Amino acid sequence: MQQATKSMPRVSSYDEQSKKPGAPKGRKFDPKAMLQNTEMQAALGSGLLMLLAWGLSGWSSVLSICLYVISYTVGGWIKAKEGVETLVKEHDLDVNLLMIAAALGAASIGYWNEGAMLIFIFALSGALESYTMDRSRKDISSLMALKPATALRIEQGAMNEVAIDELGVGDLLLVRPGELIPSDGTVYRGESSVDQASITGESVPVEKYYGDEVFAGTLNGEGVLYIEVTKSAENTLFAKIVKMVEDAEAEVPESQRFIKRFEAIYARIVVALTLVLVFLPPFVLGWSWGATFYKAMVFLVVASPCALVSSIMPAMLSAISKSARKGILFKGGAHLENMARTAVVAFDKTGTLTEGKPEVTDFIVGEGYHRLELLRVSASIESMSRHPLAEAIVRKAEDECLELWSVQDSRSLTGWGMEGIVSGKLWKIGKSNILDEGTVAETYATTAGNAETGGAAERGAEGAPAALRDEDLAFWREQRSDLEKDGKTVSVILDGDKIAGMIALQDTMRPQAEEAVRKLQELGIKVAMLTGDRAATAQAIGAKTGVDLVFADLLPEDKVKHIGALREQYGHTVMVGDGVNDAPALAQATVGLGMGMKGSGAALEVADVVLMNDNIEEIASTISLARRSQRIVKQNMIFAISVIALLIISNFTEGIALPFGVVGHEGSTILVILNGLRLLR
């Protein structure tokens, strides 16, 4: 194979410092990263200048004041800028301006060091919060940096480096060892292990062989892979994740929106009370102007809601960050809040509690027919369909090395099955409801009736096709009943209008399904299952998994109605699904949880939370984490309000020094931020 003259640079997600893949794997505290934070550098610089000014105060007051001014500027510039922007653009006051005003007020009455200390600790707490939020966002969105810019496309025997946006479905790509896979696709040739941590959170690389699916942004191991592109750049799973991350960073939870509204009102009240404290006591209480102004500045410091404002987002982002490292991606903090209040979790069955890949379990042959011949006919007709049950029958024939026959006049019988002519005979394969008299059989007459069968004209009074009335329906119904008791889906094979056989198929249960249900129930959460399967099949699966509620024979609109009913009866409802038909129910639920690996694009688009590795057993731990985050938020808010109240009361009853007010107020802010950081562990 001839290689193009332009060489392709080696692309890798390994960073040179850690020598580990770039995907987050549960980072520990990193002092170096904290010191690289611009706000932290400004805060520490302000603190050093404050200490230097204090040390020189006995030698040169002018030089000391100059250093204090520089300390104020270095530490307070960022916060002052934010406060002024809020005032100008939103016409609101915030804690930034309150703190700057308090520091300048302290300096105006000669308390330069106290003002500098206030600026330093305020800047330090702000830097710590900024670092916390940046770190959390990096845990969520570090995979965005893993998007390769180019790919090596094989065209007419030559390899050419092209931009990712130029790739189209069907292109063949070469991915060398240590390179990032540039697009979603399937392995066309080669074998290798692929690190999928950036997409699924899996810590162990996954072996990939011919036909296996691979994802953009994942890291190829030691082997060479030839990848056939299956999705355009904007439709890859990676692109969808990036959009989810952007949504998550933009969305603010309701509690934080409330705090922001409260902050604006509260800041106005604090400023008004401060002005009253400055001008009223000298006339009413006979205080000196100096003492009055000092108490007013202490009040301005201790009454500011810094700790209260910092009570929510660090904890929220820490929880979202921890979930992201486990392959659970929230689209925003609001969904974390809602998930904490979950009362019931509703699962779609196929592809969620089950693997979504049915297998043939029983093949019953009628009298006068040969098993292999009947299986070959069935597989030949079903090969014309893309239905999962049809594909399972085709796989069964392939496993037994049967060669398929050609089929003429193949067509789908809407709502029932397939039919086609094989070797001059008409065969039909479809739902076993053809065995039921009076109701469903009439539907069959409408959809399956044709020139060969005589259509509805040849139907008896009981509703069953005329030819079927003479069959031993009791035998086939008994067979179906026995199979459905085990949770199997049953299809019948018709030779014209004569029953030739019966096929039973069963979806494979997810190994984690029973454990996932049990963990949820241990949290006091009801578990429901919604499915379009027949009631007997649904009840069998429900019994195996241990779910509390089973709803069967549902169309997509029925699932929406049941989700609405569950919300009305129990409260906050989480819907877990993967298919296009689940999208309306996902949207109707309080929190829609989509399956990331096998989920449809519609399900991922509508879902509020995505399980990137499809590990449903992580749902319970995610709800536990959401509940823990809410407990920490409540702890923070109660602590912040208590400290503010205590300091305000102490200022007017006992009188507290400005430095103590600064340390008490800003110290509480740092403590609530650190309390939120506990969720990262």
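Which residues in α10 meet which residues in α25? Hold that one for a moment while I set the scene.

Okay, so this is a predicted model, where local features need pLDDT of at least 70, side-chain atom pairs count only at pLDDT 80 or more, and totals for chains, interfaces and linings use all residues. Residues are numbered from 1 along each chain as its sequence is written, and side-chain values use heavy atoms, with hydrogens and water left out.

First, the overview. The chain has 26 helices and 23 strands. Those are DSSP runs numbered from the N terminus: H or I over at least four residues for a helix, E over at least two for a strand. Of the 681 residues, 53% count as buried. Buried is under 20% relative accessible area, exposed is over 50%, and partly exposed is in between, using a 1.4 Å probe and protein chains only. Now take the contacts with a separation of 6 or more: residues 24 or more positions apart account for 68% of them. A contact, by the way, means heavy atoms within 4.5 Å.

Right, back to the opening question. On the α10 side we have K295, V298, F299, V302 and A303, and they meet I644, L647, I648, N651 and F652 in α25. Sorted by class, that contact has eight nonpolar, one polar and one charged residues. Nonpolar here is Ala, Val, Leu, Ile, Met, Phe, Trp, Tyr, Cys and Pro; charged is Asp, Glu, Lys and Arg; the others, Gly among them, are polar. The axes of α10 (residues 289-303) and α25 come within 9 Å and cross at roughly 170°. An axis is a line fitted to C-alpha atoms, for helices over the stretch in contact, and angles run from 0 to 180 degrees between N-to-C directions. So α10 and α25 are roughly antiparallel to each other. The cut-offs: under 35 degrees is roughly parallel, over 145 roughly antiparallel, 65 to 115 roughly perpendicular, and the rest oblique.

While we're on α25, which spans residues 618-653, find S624 in it. S624 counts as partly exposed because its relative accessibility is 28%. Its C-alpha atom is separated by 7.3 Å from that of A340, although the two residues are 284 apart along the chain.

Now another helix pair. Helix α12 (residues 313-325) and helix α26 (residues 658-677) have axes that come within 8 Å and cross at roughly 15°. That makes α12 and α26 roughly parallel, therefore. The contact uses P314, A315 and S318 from α12, plus I673, G676 and L677 from α26. By class, it has four nonpolar, two polar and no charged residues.

On to the sheets. One is an open sheet of six strands, in the order β13-β18-β17-β16-β15-β14, with antiparallel pairing. Two strands pair if DSSP finds at least two bridges between them. At the edges sit β13 (354-365) and β14 (408-413), each pairing on one side only. From one strand to the next, the twist averages 20°. Inside this sheet, six bridges join β15 (residues 417-422) to β16 (residues 425-431), and M418 stands opposite I429.

Remember those two residues, as they come back with E382. Is E382 buried or exposed? Its relative accessibility is 8%, so E382 counts as buried. E382 lies in helix α15 (residues 371-382). Leaving aside neighbours within four places in sequence, E382 is in contact with A390, I393, V394, M418 and I429. Helix α16 (residues 388-399) lies across β13, β17 (489-495) and β18 (498-509), at about 60° to β13.

The other open sheet on my list has seven strands, ordered β11-β23-β22-β21-β12-β19-β20, with mixed pairing. Here the edge strands are β11 (328-330) and β20 (549-551). β11 pairs with β23 (residues 609-611) in the antiparallel sense over three bridges, and L329 has V610 as its bridge partner.

Last stop: a hairpin. β2 (residues 150-155) and β3 (residues 158-163) run antiparallel, joined by six bridges. I154 has M159 as its bridge partner. Two residues lie between the strands, and Q156 takes a positive phi near 50°. β2 also pairs with β4 (residues 172-175), antiparallel over three bridges, and there L152 stands opposite L174.

That's my tour, thanks for listening!
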